[in-house]
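This report walks a new reader through one chain, moving between its sheets, its helices, its domains and the surroundings of its ligand. Please keep the sequence and the structure in view while reading.

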Amino acid sequence: MKSDKKPDVAVIGLGYIGLPTAAIVARSGCRVHGVDVSPHVVETINRGEIHIEEVDLDGLVQGVVSRGLLTASLEVPEADVFVIAVPTPFDKDHAPDISYVLAAGRSVAKVLKVGDIVILESTSPVGTTEALRDMIAEMRPDLKCPGLTSEIPDISVAYCPERVLPGKILEELTNNDRSIGGITPRCARKALAFYKLFVRGTCITTDSRSAEMTKLVENAYRDVNIAFANELSIISDKLGLDVWEVIRLANRHPRVNILSPGPGVGGHCIAVDPWFIVHSAPEESPLIRTARGVNDCKIHHVIARADELVKANPQAKVACLGLAFKANIDDFRESPARLVAATLARRFGSRISVVEPYAAELPREFEGTGAQLIDVDTALEQCDLLIVLVDHDVFRSVPLAERAGKVVYDTRGIWMDQPKVAEAVVPGLRLAS
Ligand SMILES: NC(=O)c1ccc[n+]([C@@H]2O[C@H](COP(=O)([O-])OP(=O)(O)OC[C@H]3O[C@@H](n4cnc5c(N)ncnc54)[C@H](O)[C@@H]3O)[C@@H](O)[C@H]2O)c1
């Protein structure tokens, strides 16, 4: 990458990570070519529109597309820097699937030239960046690849994970610190020069394997700590305690900071990435594996509690509040709230309504159940039993006066002022008088 000229950048995979990254790099003045296998995604972006929900992304994409700085296509063009941000799911045995990364890598390898930089941003099991490099070396024997030659390599290959919060992606993409792991220190320096173009946070260079593990460790840390809170909530239900009160008091200890329980852990990061560690070191990761199990169990605990409550109130109309996997986003992937609501809809049919301000319609699994999507005001007017599954701001802001007289099961602890009665009858449930 020459220092006097901004690089041409190709971003492969234009989803929740790739599109905001492409737009921010374009805003820094680089010409960016976005690449996706989905014609719908490519057409939408070329119209200056977006196919995902993210705060302020629409205006940014519209601006950089109209200035000719961001274009999208199905094919990978020549560029100076290639950023890969494609999915890394796991299979039914929780083994990581890096086939999307390798497919993206194959399309990049075809157009690589001397001096280019390839950066993997997808969350990946340890060793994936080296596997990507090996594949490039095999496809392009004409290029000297880093770590495989004693001479100065022709290309650089690095790993730089993303740690953004959905809903704050644009802000965090710019301001968060980044770990940049090179296959060699030279690769890390080359990638660092690229990130310095648009990242204001501190960029710390390391090797690719450490950077890969760092990303996995961050999410495993969250998962283990949430599992502790979720286990406490299950224990508290059994003992007839209010877990929110217990946590609130315990957190007065200067060195204790227990996280909040919820209906389980969802999304495509915290519920997925710990498995990448477990898969690579199964004997050595009992705590991380158990935490995954605890968080999955919490979903079934919430279903059982909600089921009990719906049956105990046979005349009540029920509103499940939220489907997203976390607050204030439109992402329903691997969402415990969605699983709880869909299970209740299958069991209780049209007695169940769902409030999800971020959804235009209910997901497919609700078809034929009789459940309806309603707004929060309708739920407050018509439903007697409210099951809080997501802590969206719009739910959090409902005042006590509007919830008075309702039976409430608050799995997120957003309505701490809800009067509690009859806990001995249905332990752990927040019941309104
Ligand atoms: N979403 C997040 O909050 C987040 C945060 C940190 C890390 N990550 C990681 O970033 C990676 C991408 O996640 P995402 O949420 O952006 O996924 P996404 O599903 O929103 O987007 C991925 C895009 O890649 C495209 N794609 C798939 N294969 C392709 C190929 N061979 N060539 C070109 N395009 C291809 C898909 O069509 C899709 O548009 C994953 O590894 C994820 O774990 C995501």
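In this predicted model, helix 12, which covers residues 336-348, lies across strand 9 and strand 10 (352-355), and its direction runs at about 160° to that of strand 9. Strand 9 and strand 10 belong to an open sheet of five strands, arranged in the order 11-10-9-12-13 with parallel pairing. At the edges of this sheet are strand 11 (372-374) and strand 13 (407-410), each of which pairs on one side only, and the twist from one strand to the next averages 25°. Within the sheet, strand 9 (residues 318-321) is joined to strand 12 (residues 385-388) by four bridges in the parallel sense, and C320 stands opposite I387 of strand 12. Helix 11, spanning residues 286-312, also packs on this sheet, where it touches strand 9, strand 12 and strand 13, and its direction makes about 175° with that of strand 13.

The chain holds another open sheet, built from eight strands in the order 3-2-1-4-5-6-7-8, and here the pairing is mixed. Its edge strands are strand 3 and strand 8 (203-207), each pairing on one side only, while the twist averages 25° from one strand to the next. Strand 5 (residues 117-120) and strand 6 (residues 156-159) run parallel and are joined by four bridges, with S156 of strand 6 as the bridge partner of I117. Helix 7 (residues 185-195) packs on this sheet and touches strand 4, strand 5, strand 6, strand 7 (178-182) and strand 8, its direction making about 140° with that of strand 7.

The angles between these helices and strands are set out below.

| Helix | Strand | Angle between directions |
|---|---|---|
| helix 7 (residues 185-195) | strand 7 (178-182) | about 140° |
| helix 11 (residues 286-312) | strand 13 | about 175° |
| helix 12 (residues 336-348) | strand 9 | about 160° |

How much of helix 1 is buried? Nine of the 10 residues of this helix, which covers residues 18-27, are buried, so helix 1 is largely enclosed by the rest of the structure. The buried residues are G18, L19, P20, T21, A22, A23, I24, V25 and A26. They pack against several strands, namely strand 1 (8-12), strand 2 (31-35), strand 3 (70-73) and strand 4 (81-84), and also against helix 3 (57-66) and helix 6 (169-175). Just after helix 1, G29 takes a positive phi of about 105°.

Turning to the ligand, 26 residues surround it, and those that come nearest are G13, G15, Y16, I17 and S122. Helix 4 (residues 99-109) supplies three residues, the largest share of this shell. By class, the shell consists of 16 nonpolar, eight polar and two charged residues.

At the level of the whole chain, the domain assignment gives domain 1 as residues 8-201 and domain 2 as residues 217-410. The C-alpha centres of domain 1 and domain 2 lie 33 Å apart, and the contacts between them involve 11 residues of domain 1 and 14 residues of domain 2. On the side of domain 1 that touches domain 2, six residues are nonpolar, three are polar and two are charged.

Note on methods
Residues numbered from 1 in each chain as written. Predicted model: local features only at pLDDT ≥ 70, side-chain atom pairs only at ≥ 80, totals over all residues. Buried ≥ 20, exposed ≤ 12 C-beta atoms within 10 Å, placed from the backbone. Helix = DSSP H or I, 4+ residues; strand = E, 2+ residues; numbered from the N terminus. Contact = placed C-beta atoms within 7 Å. Near = placed C-beta within 6 Å. Nonpolar A, V, L, I, M, F, W, Y, C, P; charged D, E, K, R; others polar. Domains from an automatic or database assignment. Pairing = 2+ DSSP bridges. Axes fitted to C-alpha atoms, helices over the stretch in contact; angles between N-to-C directions.
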